[in-house]
Amino acid sequence: MTALRPEREDSYGGVPYESYDSVPYEPPLDDETVALRIPEPPARPVGGEPISAPDASSASSATGTPMGGRAARRRAAKRRGGRHGGGAEPAPESPADDGRPLSRVEARRQARARKPGAAVVASRAIGEVFITTGVLMLLFVTYQLWWTNVRAHAQADKEASSLQDDWASGKRNPGTFSPGQGFALLHIPKLDVVVPIAEGVSNKKVLDRGMVGHYGEGELKTAMPDAKTGNFGLAGHRNTHGEPFRYINKLQPGDAIVVETQDKYFVYKMASMLPVTSPSNTSVLDPVPPGSGFTKTGRYITLTTCTPEFTSKYRLIVWGKMVEERPRSKGKPDALVE
């Protein structure tokens with residue numbers, strides 16, 4: 001602030017202007033520093049009050065640089081936040097951002113910050129278990145529904161080709177067959193099924209290899225097709241492992257079922273069906289099966305498989321009655337020609 005002064009307008013500091021040049025200039029004493037500096041004479045005023053030397057506060061506010069010595073610079077630094085004040089520039093977010101190497105304490109602090117908590121680790125572990133379980137289940141389903149069929153079809157085709165080669169070469173099979181030995185071919189024209197028939201109903205030796213098994217052992221032993229009377233009982237998979245009996249539920253009365261052996265064709269006509277029964281109901285294989293509609297002994301065929309699909313809880317039964325016995329020398333029966 002500049003106050004009014006009672007001094008003469010033609011003088012400066014009580015010294016007349018005309019004698020101002022003759023008075024030697026002496027710089028004011030600097031109490032804060034004894035460093036050398038080059039003084040500048042004050043500018044000559046142009047009428048009015050004299051121009052005083054700029055103070056430290058105005059100079060520093062104009063230039064942004066504290067002036068007036070160490071004490072003035074210290075006061076200016078305190079006004080800005082100072083060496084230890086709160087207005088200092090924020091430190092880098094990461095100690096490594098300023099280019100200097102991390103100390104041990106900083107490295108440990110960063111490692112702890114990056115380390116996931118127990119909840120995160122647990123959730124990750126559970127997620128990995130679910131993913132692994134899902135992948136394993138998908139692989140198992142793929143194996144059951146696709147690969148078992150591929151493998152079983154290949155094995156059944158190989159057995160059928162071998163059987164037909166033996167027949168063509170005149171090689172005769174004995175009257176009885178060992179478990180797992182193929183001896184005939186089953187044709188179901190409506191379902192486009194041609195599959196080997198092997199002795200026994202073992203999963204490992206017969207059914208899982210894509211073939212149809214003949215109930216020919218123990219208490220479940222049934223007749224052969226060439227028997228004068230009897231019930232020729234067969235079992236096969238409805239799903240997986242070649243699934244030869246998957247669609248036998250679509251058969252209708254009168255549909256052909258043909259058994260081809262080395263010497264003859266045995267032609268049956270589908271007669272009746274039992275959609276659901278217990279797996280322990282072995283009476284379906286009797287010479288005159290109850291519920292089949294047959295009332296006396298004859299030459300019958302029984303097809304058994306699991307139901308519902310993709311389960312083994314119950315059994316589905318299809319019965320047929322022989323209508324033709326045809327020597328192979330007379331050619332294929334009409335049911336295989338149509």
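Strands, named E and at least two residues long, and helices, at least four residues long, are runs assigned by DSSP and numbered from the N terminus. With that in mind, a residue can be placed by the strands around it, as with Thr240, which lies in the loop between E6 and E7. The model described here is a predicted one.

## The protein as a whole

The secondary structure of the protein comes to five helices and 10 strands. Of its 338 residues, 31% count as buried, and the surface that the protein exposes is about 22300 Å², with carbon and sulfur atoms supplying 56% of that area. If one takes the contacts between residues at least 6 apart in sequence, 55% of them join residues at least 24 apart.

## The barrel and its strands

Eight strands make a closed barrel, in the order E3-E4-E5-E6-E9-E10-E8-E7, and their pairing is mixed. From one strand to the next, the twist averages 30 degrees.

Several of the pairings in this barrel can be followed in detail. Strand E3, which covers residues 182–188, runs antiparallel to E7 and is joined to that strand by three bridges; within this pairing, Leu186 has Val259 in E7 as its bridge partner. E6 and E9, on the other hand, run parallel and are joined by six bridges, and here Phe232 stands opposite Ile301 in E9. E9 also pairs with E10, in the antiparallel sense and over eight bridges, with Ile317 in E10 as the bridge partner of Thr304.

How enclosed is E9, and why? Seven of the nine residues of E9 are buried, so this strand is largely enclosed by the rest of the structure.

E9 and E10 form a hairpin with six residues between them, and in the turn Phe310 has a positive phi of about 65 degrees. Pro308 lies in this loop, between strand E9 (299–307) and strand E10 (314–327), and the peptide bond that joins Thr307 and Pro308 is cis, with omega about -10 degrees.

## Residues in the loops

The loop between E6 and E7 holds several residues worth following one by one. Thr240 has a positive phi of about 65 degrees although it is not a glycine, and His241, which lies in the loop between E6 and E7, likewise has a positive phi, near 50 degrees, in a residue other than glycine. Asp255 lies between strand E6 (230–235) and strand E7 (256–260). The side chain of Asp255 makes a polar contact of 3.1 Å with the side chain of Lys190. Leaving aside neighbours within four places in sequence, Asp255 is in contact with Lys190, Lys250, Tyr268, Lys269 and Met270.

Another loop, between strand E4 (193–199) and strand E5 (212–214), contains Met211. Met211 and Ala198 are 13 residues apart in sequence, while their C-alpha atoms are 6.7 Å apart in space. Not counting residues up to four places away in sequence, Met211 touches Glu159, Gly180, Val195, Pro196, Ala198, Lys205 and Val206.

Are these loop residues buried or exposed? The term buried applies to a residue whose relative accessible area is under 20%, and the table gives the value for each of the four.

| Residue | Relative accessible area | Class |
|---|---|---|
| Met211 | 1% | buried |
| Thr240 | 11% | buried |
| His241 | 11% | buried |
| Asp255 | 16% | buried |

Because the cut-off is 20%, Asp255 at 16% counts as buried, and Met211 at 1% does too.

## Aromatic pairs

The structure holds three aromatic pairs. In one of them, the rings of Phe177 and Phe183 have their centres 4.6 Å apart and their planes at 15 degrees, so the pair is stacked; Phe177 and Phe183 are both buried. Phe294 and Tyr300 form another stacked pair, at 3.9 Å from centre to centre and with 5 degrees between the planes. Phe294 is buried, with a relative accessible area of 14%, and Tyr300 also counts as buried, at 4% relative accessibility.

How values were computed
Residues are numbered from 1 along each chain as its sequence is written. This is a predicted model: local features need pLDDT of at least 70, side-chain atom pairs count only at pLDDT 80 or more; totals for chains, interfaces and linings use all residues. Side-chain values use heavy atoms; hydrogens and water are left out. Buried means under 20% relative accessible area, exposed over 50%, partly exposed in between (1.4 Å probe, protein chains only). A polar contact is a pair of N or O atoms within 3.5 Å; within protein, one must be able to donate a hydrogen and the other to accept it, and residues adjacent in sequence count only if both atoms are side-chain atoms. Contact means heavy atoms within 4.5 Å. Two strands pair if DSSP finds at least two bridges between them. Axes are lines fitted to C-alpha atoms, for helices over the stretch in contact, and angles run from 0 to 180 degrees between N-to-C directions. Rings of Phe, Tyr and Trp (its six-membered ring) pair if their centres lie within 6.5 Å; planes under 30 degrees apart count as stacked, over 60 as edge-to-face and the rest as tilted. Accessible areas come from the Shrake-Rupley method with a 1.4 Å probe; for residues, only the protein chains shown count as cover.
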